[in-house]
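User: I am new to this structure and would like to learn how to read its features. Please show me the model, and then let us take the features in turn.

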Amino acid sequence: VTRPAPDFLAIFQTLANHKVRYIVVGGVGAVLQGAPIATFDLDLVHSRDSENIRRLIAALRDLDAHYRTHTRARRVPHQSHLSSPGHQLLMTRYGPLDILGAIGTGRGFEELSAHTVELEVSAGLSVQVLDLETLIQIKEEVGGEKDLAALPILKRTLKEKRRRSQR
Amino acid sequence: VAKKHTWYDKTSLKPERERMPRQTTRLKTLQTEEPSYGADGVDVTLIRWMLSMTPEERLQVLQQSIGSILRMQGDKAST
């Protein structure tokens, strides 16, 4: 079993090369906004319009993406998978990548895009990231063990950010 | 009755702040600063450290942390 070390920046760059529209959610999004947490996978909510899915499939091909849940048969996501609100848990040449059609109570790209911040992750490369307020809200909605465990750090980070912006 | 000698005898005439051992002064300073941990047990100093960086730097810190963990796991597996 190959275990590539995650390289989030390389994944962002590949998606940018193909002009894929997406929002960074989950742990990496939280870290980009200052939360001191460790995460090994990159969670993205993508726009499910047909043109974007076509671009995403091309980017996933470049990333050598395949389902990490199928260890024997190397299966790749198709247009029908990426058009659904379901979660595609993939392994790429740059580490685990979760492509999510919707999160929380069925919130997709269009709904979430009103709650994002644009952050520069490298010179000339910016990504849309779900803001901390909405990320906290969604983790509370989901209420999974892992989501709830992260909440105190996310809430404290948000509080500190607000305190700083008031100075 | 003979006066009992204590360590501060020689300095008892100095103003209070001057008599105070260095460590006590340091402790008082720390006590007046904001606590490192919130009521929720979260280490606020780590958050402030992360917030002092740019998003690009935060991503680098995350990548380096993962790299360190994976290297340690690899070392463990090989021993």
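User: Where is T71(A) found, and does it count as buried or exposed?

Analyst: T71(A) is found in the loop between β3 (66–67) and α4 (79–83) of chain A; helices (H or I, at least four residues) and strands (E, at least two) are DSSP runs, numbered from the N terminus. Buried means under 20% relative accessible area, exposed over 50%, and partly exposed in between (1.4 Å probe, protein chains only). T71(A) counts as exposed because its relative accessibility is 74%. From C-alpha to C-alpha, T71(A) and G29(A) are 28 Å apart in space, with their positions 42 residues apart in sequence.

User: On what basis are such values given?

Analyst: This is a predicted model, in which local features need pLDDT of at least 70 and side-chain atom pairs count only at pLDDT 80 or more, while totals for chains, interfaces and linings use all residues. Residues are numbered from 1 along each chain as its sequence is written, chains are lettered from A and ligands numbered from 1 in the order in which they are written, and side-chain values use heavy atoms, with hydrogens and water left out.

User: How is the length of a helix such as α7(A) read?

Analyst: The expected span is 1.5 Å times one less than the number of residues. The 22 residues of α7(A) should therefore span 32 Å, which agrees with the 33 Å between its end C-alpha atoms.

User: Where does α7(A) bend?

Analyst: A bend at a residue is the angle between axes fitted to the seven residues ending there and the seven starting there. For α7(A) the bend is about 40° at L151(A), and a proline, P152(A), follows within four residues.

User: Which residues of α7(A) are buried, and what covers them?

Analyst: Among the buried residues of α7(A) are D147(A), L151(A), L154(A) and R156(A). Their cover, judged by contact (heavy atoms within 4.5 Å), includes α2 and α6 of chain A together with α3 (44–51) of chain B.

User: What does α6(A) pack against?

Analyst: The buried residues of α6(A), including L132(A), I136(A) and K139(A), pack against α2, α5 (109–112), β7 (125–130) and α7 of chain A. After α6(A) comes G143(A), with a positive phi near 65°.

User: How many helices and strands does chain B have?

Analyst: Chain B has 4 helices and 0 strands, running α-α-α-α from the N terminus on. Of its 79 residues, 18% count as buried.
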